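Here's a friendly walk through a structure you haven't met before. Have the sequence and the 3D view open as you read.

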Amino acid sequence: VRAAESTTPSHAASRDASVEGSGISWAIGTDLLGDSLEPTNHGVGRTGAAEEAKHGKESKEGSHEEHHDHQYLSLLFLFGTLSIGAMILICLERFLPAVPYTVALFVVGMVVSTYHHFKPTDSWIHWPSWYESVGLWQEIDPHLLFYSFLPALLFGEAMRLNVQLVKRCFGQVFLLACPGVLLGTFLTASVGKYIMPYGWNWPISLVFGTILSATDPVAVVALFNTLGVSPRLTMLISGESLLNDGTAIVCYALFMKVALGASLDTAEVIMFFGHMTMTAVVVGAAIGYLAVFIIGRCAEAKHHADSMIQVIVTIACGYFTFFIAESEFSTSGVIATVSSGFVVAYYAWPRFVSCETMRIVWETIEFIGNTVLFLLAGVLFADSVLSRWSYIGLADFGWLLLLYICTTLIRGFMIVLFWKPLNMLGAKVHWTEVVVMAWSGLRGAVSLALAIMVDTQPGISKQMGSRIMFHVGGIAALTFIVNATTAAPLLKLLGLTKTSRMKERMLFHFATHLTEHCTEVFEAQLRHPEDVRFNGASRHIVRSMVPALRGSSPDGPRFAQRRAASGQDSEQALGQLFREAYLRVVQNNYWEAIGEGIIPRNLRAARILLTSTEEAFEHTDVQLIDWDVVEREAFHSRPNSFTKYMSRLVQKKPLCWVTPLWHAFSEEAAATQRVIIALSFQEAHARAQAEVPKYFAADDALDNQVQQQVARESSDQCRRAAQLLACIPADIVEMGKSELLARKLLHLQQDRISHVKEKGLLTASEAADMDHQIQHAREKITHLPKEMRAVAHSAGPAPRPGYRREGLLSQPESHAADHYSGY
């Protein structure tokens with residue numbers, strides 16, 4: 001079917017009205033190559049359709065509308081945005097590392113929107129499908145925006161929280177995210193009421209204030225992680241953002257109802273806030289615990305798909321929590337999702353089959369969400385300015401600048417006002433950190449989505465909605481372009497990214513160790529090549545290619561100069577650095593043991609050991625205290641009446657055969673876990689004592705003194721672990737050691753099977769059959785046979801050494817030993 005007319009201006013207009021063909025179909029002039037699902041447009045053809053529209057002919061009701069509903073074109077903007085984001089990231093990492101990624105996205109989004117607004121329909125670069133796709137996203141429902149992207153971003157951030165750091169900073173975060181948001185809302189509303197020239201009443205001013213009180217410091221936090229800012233400051237800012245989104249949305253919902261005419265009393269307001277907070281926490285925690293249970297059922301990697309199932313469960317958990325909280329319980333989806341993510345962060349990480357896979361997947365999800373949201377934010381802001389000139393005048397740009405100054409001052413005032421209470425609720429906040437916290441109050445996708453909701457409300461005038469959209473988008477743009485871009489220079493100016501001299505010292509010694517090791521390998525390969533590919537290599541050419549082989553590290557002289565200029569090193573600072581290195585090696589050994597299956601993922605022992613190192617990091621300036629944490633959690637915890645009752649009940653049939661109950665409540669299982677904990681603790685510290693000193697030079701008295709001091713602390717903790725281990729009945733200790741060795745051997749077998757499979761000597765089905773046999777053996781270890789339990793239960797207490805008489809056990813330690821050994 002050939003087109004009867006040439007492409008005229010009216011013809012081009014019809015192309016915009018109905019994007020149905022493609023560049024090929026229009027170039028050739030046939031609708032047979034148009035829409036693959038509607039190849040002939042009911043036999044009319046493109047020109048015929050244009051003629052029908054031109055003469056006002058009507059098509060069949062219903063079906064014609066459906067055929068011209070091209071919602072699938074929205075996918076073009078989605079994947080186009082991701083492609084643009086990937087290109088931007090490539091350019092920034094290689095050429096402009098100082099520019100935050102989200103800032104570049106926002107600017108590109110404004111460029112896309114501007115070009116879309118002035119699109120030349122007669123240009124050779126005219127792409128109807130892209131313009132249609134951009135237009136669909138410009139008209140996106142704000143609720144769809146919330147439900148599509150917010151759960152993933154919130155849950156991904158919450159599930160990776162450092163639990164111990166959250167406990168340490170929760171009071172400070174809560175102060176900033178709740179009273180701080182309320183104060184910021186009221187002050188910003190006052191600016192909208194008394195300074196802005198629009199005559200807004202209090203309800204709409206409070207709505208405006210809540211929208212601008214929601215911070216989104218994604219760009220700044222990304223810089224913090226890149227520049228090495230302290231984890232505590234990062235937690236204060238990112239934790240505040242997680243919670244203040246929930247607070248701002250709850251306040252927005254309340255004030256918007258008032259702005260639309262609702263009448264409230266004190267009881268209703270209290271009930272509203274109680275339901276929006278407490279119910280959300282309960283719903284989120286319940287779904288989080290359910291997700292942890294399912295993750296735990298897949299924790300031992302009994303089947304090939306277990307790791308994938310765990311990833312899917314976490315994704316579903318985030319979205320289900322948000323949807324059920326918002327749609328079914330009419331409570332805060334943000335608070336519910338954060339609560340659910342925190343439960344997963346607290347319990348699930350030791351249970352993940354592959355933590356690396358989980359991190360990569362969630363980093364990808366967050367990249368997709370942030371890329372789409374921030375580029376779309378730029379598109380929406382530019383569109384709100386360009387398409388609403390009848391409501392936005394040049395004077396409004398001046399008012400926008402004034403509003404930016406006011407919001408920045410309000411943020412600073414709020415932080416300074418709460419500075420003293422912040423110090424009372426947690427670690428001291430330095431004045432430099434106060435400056436950074438005030439400057440990091442960026443506004444982003446949440447604020448823009450709330451502004452869109454205001455603009456689409458039937459009870460809000462078009463002029464008012466346009467002005468709110470303009471100012472919220474403008475504040476987001478200014479905070480991105482000004483605050484985020486200058487955050488890195490500000491951090492460097494305040495000295496918050498400066499590497500400590502002790503850290504430089506360690507890095508210098510590590511570089512020296514690395515150079516020495518490289519030289520040894522180089523000389524050995526030249527003398528006796530282990531690989532035929534290296535035989536005959538030129539010493540001179542290799543030296544020219546590897547800088548480490550050409551001499552000492554270039555940082556060596558500079559380090560020596562800094563050390564000489566700054567005087568003697570601080571014993572406390574060096575000791576803190578040494579203890580931190582110890583704890584990192586210890587923690588890494590725990591993760592290795594969990595990954596190898598030696599420490600069962602589902603046991604509480606794994607979480608106790610990991611928690612002990614996290615809490616010990618807070619006291620590295622004093623001494624190593626990780627065994628104190630283990631002792632408190634695993635050895636000194638007193639069972640309540642319910643636990644005592646269940647411990648007696650699980651010894652009887654049929655409950656003694658229910659493995660989860662037996663592991664949770666039986667005394668034998670608790671004693672076995674204590675054995676696993678104590679032995680794993682001793683092994684991890686032994687490895688740290690052997691590995692850490694390699695990276696610290698003992699070239700002066702202070703180095704030797706600090707290393708010996710930390711080694712004594714570690715040995716003392718291992719001695720205390722051995723003492724408490726000796727008080728546990730010998731048969732239970734033997735059972736625990738046997739279980740650990742059995743798990744180690746089974747893991748070695750699995751590794752060997754994987755290695756042989758990669759060599760091509762085993763097929764996938766053969767390897768799977770052998771792997772299933774090993775998994776079955778591991779499952780039998782978890783489900784201990786009845787006779788083994790009976791032996792453990794009936795065995796009398798092991799003879800206790802005379803630790804108390806010899807003074808090796810303190811009185812509290814002796815009482816604790818009596819408690820868990822049955823005396």
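Ile-468 touches Trp-200, Ile-204, Phe-208, Ile-211, Ala-451 and Val-454, leaving aside residues up to four places away in sequence; a contact here means heavy atoms within 4.5 Å. Before going further, note that this is a predicted model, where local features need pLDDT of at least 70 and side-chain atom pairs count only at pLDDT 80 or more, while totals for chains, interfaces and linings use all residues. Residues are numbered from 1 along each chain as its sequence is written, and side-chain values use heavy atoms, with hydrogens and water left out.

Back to the core. Ile-468 and Met-437 touch the most other members of the largest nonpolar core, which has 117 residues. A nonpolar core is a set of buried Ala, Val, Leu, Ile, Met, Phe, Trp, Tyr and Cys residues joined through side-chain atoms within 4.5 Å. Buried means under 20% relative accessible area, exposed means over 50%, and partly exposed is in between (1.4 Å probe, protein chains only). There's also a second, separate core of 49 residues, with Met-506, Val-629, Val-675 and Ile-728 among its members.

Zooming out, the protein comes to 37 helices and 0 strands. Those are DSSP runs numbered from the N terminus: helices are H or I with at least four residues, strands are E with at least two. Of its 823 residues, 48% are buried. Take contacts between residues at least 6 apart in sequence, and 79% of them join residues at least 24 apart.

One of the members of that second core, Val-629, is also on the list of buried residues of helix H28, along with Asp-626, Trp-627, Val-630, Glu-631, Ala-634 and Phe-635. The helix spans residues 626–635 and has 7 of its 10 residues buried, so it is largely enclosed by the rest of the structure.

Now for the rings. Rings of Phe, Tyr and Trp (its six-membered ring) pair if their centres lie within 6.5 Å; planes under 30 degrees apart count as stacked, over 60 as edge-to-face, and the rest as tilted. That gives 25 aromatic pairs. Two of them are set out below.

| Pair | Centre to centre | Angle between planes | Type |
|---|---|---|---|
| Tyr-194 and Trp-202 | 5.7 Å | 75 degrees | edge-to-face |
| Phe-374 and Phe-480 | 5.1 Å | 75 degrees | edge-to-face |

How accessible are the partners? Tyr-194 is exposed at 59% relative accessibility, and Trp-202 is partly exposed at 28%. Phe-374 and Phe-480, by contrast, are both buried. Phe-374 sits in helix H17 and Phe-480 in helix H22 (residues 462–493), so their pair ties together parts that are 106 residues apart in sequence. Elsewhere, ring pairs join Phe-77, Trp-127, Trp-130 and Trp-137 into a cluster.

Helix H17 (residues 355–386) also holds Leu-376, which is buried at a relative accessible area of 2%. Which residues does Leu-376 touch, not counting those up to four places away in sequence? They are Phe-77, Trp-137 and Leu-145. The C-alpha atoms of Leu-376 and Val-112 are 9.5 Å apart, although 264 residues separate them along the chain.

There are some empty spaces too. A cavity is a set of points, on a 1 Å grid over the protein atoms alone, where a 1.4 Å probe fits but cannot get out; its lining residues have an atom within 4 Å of a point. Grid points are joined across faces, edges and corners, and a volume is the space filled by probe spheres set on the points. Searching the whole structure turns up 6 cavities of 30 Å³ or more. The largest has a volume of about 130 Å³. Its lining counts 15 residues, and Gly-184, Ser-213, Arg-411, Met-414 and Arg-443 are the ones nearest its centre. Helices H10 (179–194), H11 (202–213), H13 (231–259) and H18 (394–417) each supply at least two lining residues.

Helix H18 is also home to Leu-417, which is partly exposed at 45%. Its C-alpha lies 9.4 Å from that of Gly-180, with the two positions 237 residues apart in sequence terms.

Finally, the cysteines. With a disulfide being a pair of cysteine sulfur atoms within 2.5 Å, the count is 0. Cys-251 is in no disulfide, and its nearest cysteine sulfur, on Cys-178, is 8.7 Å away. Cys-251 is buried at 1% relative accessibility, whereas Cys-91 is partly exposed at 41%.

Technical notes
On a 1 Å grid over the protein atoms alone, a cavity is a set of points where a 1.4 Å probe fits but cannot get out, and a pocket is an open set with protein on both sides within 12 Å along at least five of seven lines; lining residues have an atom within 4 Å of a point.
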